[in-house]
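Biologist: Thanks for sitting down with me. Could we look at the model together and talk through what it shows?

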Amino acid sequence: MTGNLKENSLHVGVLVILAALFFVVSDYHDGNLARIMVLAVYAVGYNLLFGYSGLLSLGHALFFAAGMYGLGLSMNLLGFAALPALLVGIVFSAGVSAIVGFLALRTSGVAFMIVTLMFAQAGFLTALHFGEYTRGDEGFVIQQASRMIAGIDLSAHANRYFAAFGFFALSYVAVAILVRSPFGRCLVAIRENEERARMLGYDVWMHKYLAVIASGTISGLSGAAYALLFGYAGATFASVQYSILPLLWVLLGGAGTTIGPLIGTAFAFYLIDLASEITTAHLLVVGLTIVLLTLFAPQGISGELRRRGLKWLP
Amino acid sequence: MNLLETRCLSRSFGGLKAVDNVDFAVPEGQVRALIGPNGAGKSTFVAAVCGRIRAESGSVHFDGKDISRLPAHRRIEMGMAYTFQITSVFANLTAHENVALGVRRIARLGRRDIDQKVMEVLDRVGLAERSDQSAGDLSYGHQRLLEIAMGLGQMPKLFIMDEPTQGLAEGEIEEFKHLIRQLAGDTTILLIEHNMNVVMETAEQITVLNSGCVLAEGTPEEVRANSDVQAAYLGTG
């Protein structure tokens, strides 16, 4: 099918461009791009739940932070090497999302938003409460010497870029495959009309539950990767702001599109970057842009592209 | 053998007994119509059969098993299909995808086989040429037909249709009757219908509900001749 060919070409193209950019742009932008790619993993995870399943969570910072602390604390307190610590981060965020999902999915709509928000706040306060280990808001540094996998120093410029690229490529391709699978199609059906999906014989609750776990685990991977590549973990990442950010990125980039999370994350990152060069009131510029986008491209950037002719955009 | 049976099935809303101790049975392969005046409890009854709403008491048996405690999706999995009275298609998905969602659940087929099956079903209801259109862009009548196609795609043992011809044009109703006759024998059909013409021409047996109770049951001729039915529903004629 030509649609599939176009989709695959797009996905490969995006990854090739990201890899090539390292050799093209300056070190400063390389650094930015590494950060964007790691955060885009978070947005990809969020988009799976919000964009494809239609579940608006306001508590994803909990999953991000679970991955971050899972890695950071196991390295700093238990002396784990980077790779096992990364696994701890992923498994921990999967566990947290399994518990939160199990309880939060008893609700839906606004109640779901509030319940997830409350869980995330509880997580944030827990991180502060155990400040002795987490060092609270101040956070802690993960020593450069321990940020190595298979002898590769992940704090080095090029290594960090390509590690970030690897994490992004992994989650991007995984979600692109997932949303095209029968499972992903059913998530979209649930988003569109839950009752109809149920009356087609789908176990709606189980599909949503698995979506929460997958979404939370990818978010946790992002948190763990962030701590690993940038050497820092702190409670700010568990705060409500970090629950709102992925929602914002996904809305800007285009919810329910595979490429949207990357576009949205990059767009928001550079918007803040450029605006703060021009004025100290950079959040005003950001706010205004968001208002304009919401007014004129409510489907986000890639959603708007899809509406204007690129109907095949996955 | 009866494919579907209910025993003393009841459901009330507030003080109103919408379904009141209904004993009901449909043998395998039969086309059964369920008729009755507005508010007779027809939709509530089938909703309780397929699990959309919980019955308060009584039991539902399907394919020899007691399914009273199963959630809706498990009942559908066992071989029921249900089309909604109020059109409920996935408006933002294509007609093809609407049907494919049903086909994919029942059959672990490759992409190509699913495509083929979907097109076959769409062709059967006359929507093959519109397979790439968003369901929401289809006309109301076509959306009704798509609902039916979504049911057909599941190849159900029992096909429950809640007012399928509502809003269809004359020609489409003829097509629909033709479709039911084709399905008859292979698929057991439970049809809630207001269009008496459709009921009399397609149903082998008719059950008449009134105020939540079974008022009469029989062949179209028997039901037509029943004086209680005439009084309650058909008018004095």
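Modeller: Gladly, and one definition will help: a residue is buried if 20 or more other C-beta atoms lie within 10 Å of its own, exposed if 12 or fewer, and partly exposed in between. Please keep in mind that this is a predicted model.

Biologist: Then let me try that on Val60(B): is it buried or exposed?

Modeller: Val60(B) sits in strand S4 of chain B. The cut-off for burial is 20 or more other C-beta atoms within 10 Å. Val60(B) has 22 of them, so it counts as buried.

Biologist: Which residues does Val60(B) touch, leaving out those up to four places away in sequence?

Modeller: One contact follows the strand pairing, since strand S1 (residues 2-13) and strand S4 (residues 57-62) of chain B pair in the antiparallel sense over five bridges. There, Val60(B) in S4(B) is the bridge partner of Thr6(B). The full set of residues that Val60(B) touches is Thr6(B), Leu9(B), Val49(B), Ile67(B) and Ser68(B).

Biologist: In what order do the strands of that sheet lie?

Modeller: It is an open sheet of four strands in chain B, with antiparallel pairing. Strand S2 (16-27) and strand S5 (65-66) of chain B are the edges, as each pairs on one side only. Reading across, the order is S2-S1-S4-S5.

Biologist: Which way do strands S6 and S7 of chain B run relative to each other, parallel or antiparallel?

Modeller: Take S6 (residues 80-83) of chain B to begin with: Met80(B) and Tyr82(B) point one way, Ala81(B) and Thr83(B) the other, and all are buried. In a regular strand the side chains alternate between the two faces of the sheet. Met80(B) has Leu158(B) in S7(B) as its bridge partner. Four bridges join S6(B) to strand S7 (residues 158-162) of chain B, and the two run parallel.

Biologist: What is the phi of Asn21(B)?

Modeller: Most residues other than glycine have a negative phi. Asn21(B) lies in strand S2 of chain B and is partly exposed, with 15 other C-beta atoms within 10 Å. Its phi is positive, near 55 degrees.

Biologist: And over in chain A, where is Arg135(A) found?

Modeller: Arg135(A) also has a positive phi, near 55 degrees, in a residue other than glycine. With 17 other C-beta atoms within 10 Å, Arg135(A) is partly exposed. Its place is the loop between helix H6 (131-134) and strand S1 (140-141) of chain A.

Biologist: Which helices do the buried residues of H12(A) pack against?

Modeller: Helix H12 (residues 260-278) of chain A has 19 residues, which at 1.5 Å a residue should span 27 Å, and its end C-alpha atoms are indeed 27 Å apart. Its buried residues include Gly260(A), Pro261(A), Leu262(A) and Ile263(A). They pack against helix H2 (27-52), helix H11 (241-253) and helix H14 (300-307) of chain A.

Biologist: Back in chain B, how far apart are the end C-alpha atoms of helix H6 (residues 170-183)?

Modeller: The 14 residues of H6(B) should span 20 Å at 1.5 Å a residue. Just after H6(B), Gly185(B) takes a positive phi of about 100 degrees. The distance between the end C-alpha atoms of H6(B) agrees with the expectation: 20 Å.

Biologist: What is the radius of gyration of chain B?

Modeller: Chain B comes to nine helices and 10 strands, and 44% of its 237 residues count as buried. Its C-alpha atoms fill a box of roughly 50 × 40 × 35 Å along the principal axes. A compact globule with 237 residues would have a radius of gyration near 18 Å, and chain B agrees, at 18 Å.

Biologist: Which helices of chain B give two or more residues to the side that touches chain A?

Modeller: In all, 16 residues of chain B are in contact with 15 residues of chain A. The chain B side has seven nonpolar, five polar and four charged residues. The elements giving two or more residues are helix H2 (72-77) and helix H3 (95-106) of chain B.

Biologist: Last one: what ipTM and pTM does the model score?

Modeller: For chain B, the mean pLDDT is 89, and 98% of its residues reach 70 or more. The model itself scores ipTM 0.88 and pTM 0.90.

Conventions:
Residues are numbered from 1 along each chain as its sequence is written. Chains are lettered from A and ligands numbered from 1 in the order in which they are written. This is a predicted model: local features need pLDDT of at least 70, side-chain atom pairs count only at pLDDT 80 or more; totals for chains, interfaces and linings use all residues. Two residues are in contact if their C-beta atoms, placed from the backbone, lie within 7 Å. Ala, Val, Leu, Ile, Met, Phe, Trp, Tyr, Cys and Pro count as nonpolar, Asp, Glu, Lys and Arg as charged, and the others, Gly among them, as polar. pLDDT is the predictor's confidence in each residue, from 0 to 100. The radius of gyration is taken over C-alpha atoms; the globule rule is 2.2 Å times the number of residues to the power 0.38. Two strands pair if DSSP finds at least two bridges between them. The expected span of a helix is 1.5 Å times one less than its number of residues.
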